[in-house]
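Open the model in your viewer and keep the selection box at hand. This tour goes stop by stop: what to select, then what is there.

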Amino acid sequence: MDNLSNNDPGAHSSLHELLSQNEMLKTQLINASLINELVKVLHSCTDLEGIVKTVLLSFQDLVHFDRAILFTVKPDRFCLEPSNWVGVDDDAARRATVMMGFDGGDITDAIFLNRHIYVEEPDPEFDIFAAELQSPSYIVVPLLKKPTRKCWEIRGCTKKSCRSYGSVNPYCWSMNDCDPGLSEDERRKRCLMCAAFKVEGVFWLDRSRSRQPITSDDITNLTNIITLSGLVFENFRMMNALDAVNRQLMTTNETLRKVNDELEIAQAKIRLDLEQARSIQQRLLPDIASSGDAYRISSRYVAANQVGGDYYDLFNISGSAYGLIVADVSGHGVASALIMSMVKVLLRTFSRDEMSPQKTLERINEALINEVATEHFVTVFYAVFDISARKIRYTSSGHCPVPFLHKKTGEHELLKADGLFMGVFPDMMLAEKEMGYIPGEHRLVLYTDGLTEAVNQESEMFGTDRLVMAAKETVGLEPNAAMEAILESQKMFCNGVLPEDDTTLLVIDF
């Protein structure tokens, strides 16, 4: 080999170069092997604190930095706060908080330039690490989160001339001229609050004891470790976030399951209560289908819900006088059914031996306003007919027009509302009228607006005119058959559209 060196200087140079390359490859292989081992160790960590500690210790073991501090970005306080460290006294590390403004020094510059900075001879007068930690030289390297979108995508920026487009460093917060109209500190504060800002923290490292110079290989290995660490941190946080969300979903699902169970129990109880209320209401509505010399009558009530607010009745007042009423409480459901029950009780109380329907309704109205004070109102058609005198006295409190038909001639008259709703105003401005009838020749058709306001698929209402037409067409039928025919006529008109309100229909022949 010596002969080769003496006789051929070129061969000697080539051999030396090969040996250097071999040493470099060995070093790179060792470094790659060490980083691979670091990856295995990181994957074995079960908490973020352990991962951070492992990374900090790797700086000592793999790249031989004596001290290392991880600073976390605190946007709300506009500072870098030390969160983890090795090789540094705890009190000294805690005092090393750095403001992120322009005066923050190289460690903040590294963040907003998005690159590492090597500080060879820090000035103790201005540099916190030289002053507090007596660092002879150090390096700072930003820790980035894993980017998912470009900054201009997040911000909806349309500046195609921006240097972030197509750049190897495609982050607008790393461009000093991004917001030229702002001061440096204002620009930095805006960047910290932006969703495109991807710096999670920054590592500070030095060799205070060994005082070995930091080489380019050291920086390469260091940045590789920190880049890897950033990905591991981000993945770990994402996994933790997913686990937390899954746990929350499981807890929420369990809570929902319990709530659903409770709701099913409550709904079953409500259904039972409504069914009982419906049964009670049906018993409150009289079975007045009857016939005789004085009158023949048939009735039908259909609730939109299980219970409703319609009411009708035919009852003896005294001697040969009878009361005939149909009423409709606004709305439908339990509240309307309760008001309806009150009206029934008040009617039976105030109508006893009272031949004036106007006076009876006025007394009921006074009681509703003074005692009930409800938001619901009631429309009423109330008639008193005397089979001996063959007369009908009636009044209407805001109720629908009532057809009064002559069965032989087919003529009809609409007994229209004169007064206001009951339960709203102290003075309903009622008017009472009287008319005679001929037994066997006259018919009344009483109903609530659920019958006439039912609509078809074109949202057209059945209406009073169609009701009168159906009543005339069925005037030759017995009351029950006529009632069924009128309801069938409405059903065919609606063509499958269910009524939204309670429906009551009475047909009475005198």
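Select His399 and show what surrounds it. Beyond its neighbours within four places in sequence, His399 is in contact (heavy atoms within 4.5 Å) with Val326, Asp328, Thr379, Val380, Phe381, Ala417, Tyr447 and Thr448. His399 sits in the loop between β11 (391–397) and β12. Strands here are DSSP E runs of at least two residues, helices are H or I runs of at least four, and both are numbered from the N terminus. Is His399 buried or exposed? His399 counts as buried because its relative accessibility is 4%. Buried means under 20% relative accessible area, exposed over 50%, and partly exposed in between, with a 1.4 Å probe and protein chains only.

A word on the model before the next stop. This is a predicted model, in which local features need pLDDT of at least 70 and side-chain atom pairs count only at pLDDT 80 or more, while totals for chains, interfaces and linings use all residues. Residues are numbered from 1 along each chain as its sequence is written, and side-chain values use heavy atoms, with hydrogens and water left out.

**Stop: strand β9**

Two of the contacts of His399 were Val326 and Asp328. Both belong to β9, so select residues 321–329. How many of the 9 residues of β9 are buried? The count is 9 of 9. Now look along the strand. Ala321, Gly323, Ile325, Ala327 and Val329 point one way. Tyr322, Leu324, Val326 and Asp328 point the other way. In a regular strand, side chains alternate between the two faces of the sheet.

Add β8 (residues 310–318). β8 and β9 run antiparallel and are joined by 8 bridges; two strands pair if DSSP finds at least two bridges between them. Find Asn316: Tyr322 in β9 stands opposite. The hairpin of β8 and β9 has 2 residues between the strands, and Gly319 takes a positive phi near 55° there.

Next add β10 (residues 378–386). β10 is antiparallel to β9, with 9 bridges. Ala327 has Val380 of β10 as its bridge partner.

**Stop: the open sheet**

Show β7, β16, β15, β12 and β13. These 5 strands form an open sheet in the order β7-β16-β15-β12-β13, and the pairing is antiparallel. Which strands are at the edges? They are β7 (296–302) and β13, each pairing on one side only. From one strand to the next, the twist averages 15°. Zoom in on β12 and β15, which are antiparallel and joined by 3 bridges. His406 is the bridge partner of His442 in β15.

Now turn on α14. This helix lies across β7, β15 and β16 (503–509), and runs at about 30° to β7. Axes are lines fitted to C-alpha atoms, for helices over the stretch in contact, and angles run from 0 to 180 degrees between N-to-C directions.

**Stop: helix α13**

Select residues 463–473. In α13, Gly463, Leu467, Val468, Ala470 and Ala471 are buried. What do they pack against? Their partners are β12 (402–406), β13 (412–415), β15 (442–447), α12 (449–452) and α14 (479–494).

Now show Arg466 and Glu460. Their side chains meet in a salt bridge at 2.8 Å, N to O. A salt bridge is a side-chain nitrogen of Lys or Arg within 4 Å of a carboxyl oxygen of Asp or Glu. Glu460 is partly exposed at 37% relative accessible area, and Arg466 is partly exposed at 32%. Elsewhere, salt bridges that share partners join Asp109, Glu184, Arg187 and Arg188 into one network. The whole structure holds 20 salt bridges.

**Stop: strand β1**

Select residues 67–74. In β1, 6 of the 8 residues are buried. β1 pairs antiparallel with β6 (residues 199–206) over 6 bridges, and antiparallel with β2 (residues 79–86) over 7 bridges. Ala68 is a good residue to label: Leu205 is its bridge partner in β6, and Val86 stands opposite in β2.

The hairpin of β1 and β2 has 4 residues between the strands, and Phe78 there takes a positive phi near 55°. Finish on Glu81 and Arg77. Their salt bridge brings the closest N and O atoms to 2.3 Å. Glu81 is partly exposed at 27%, and Arg77 is partly exposed at 42%.
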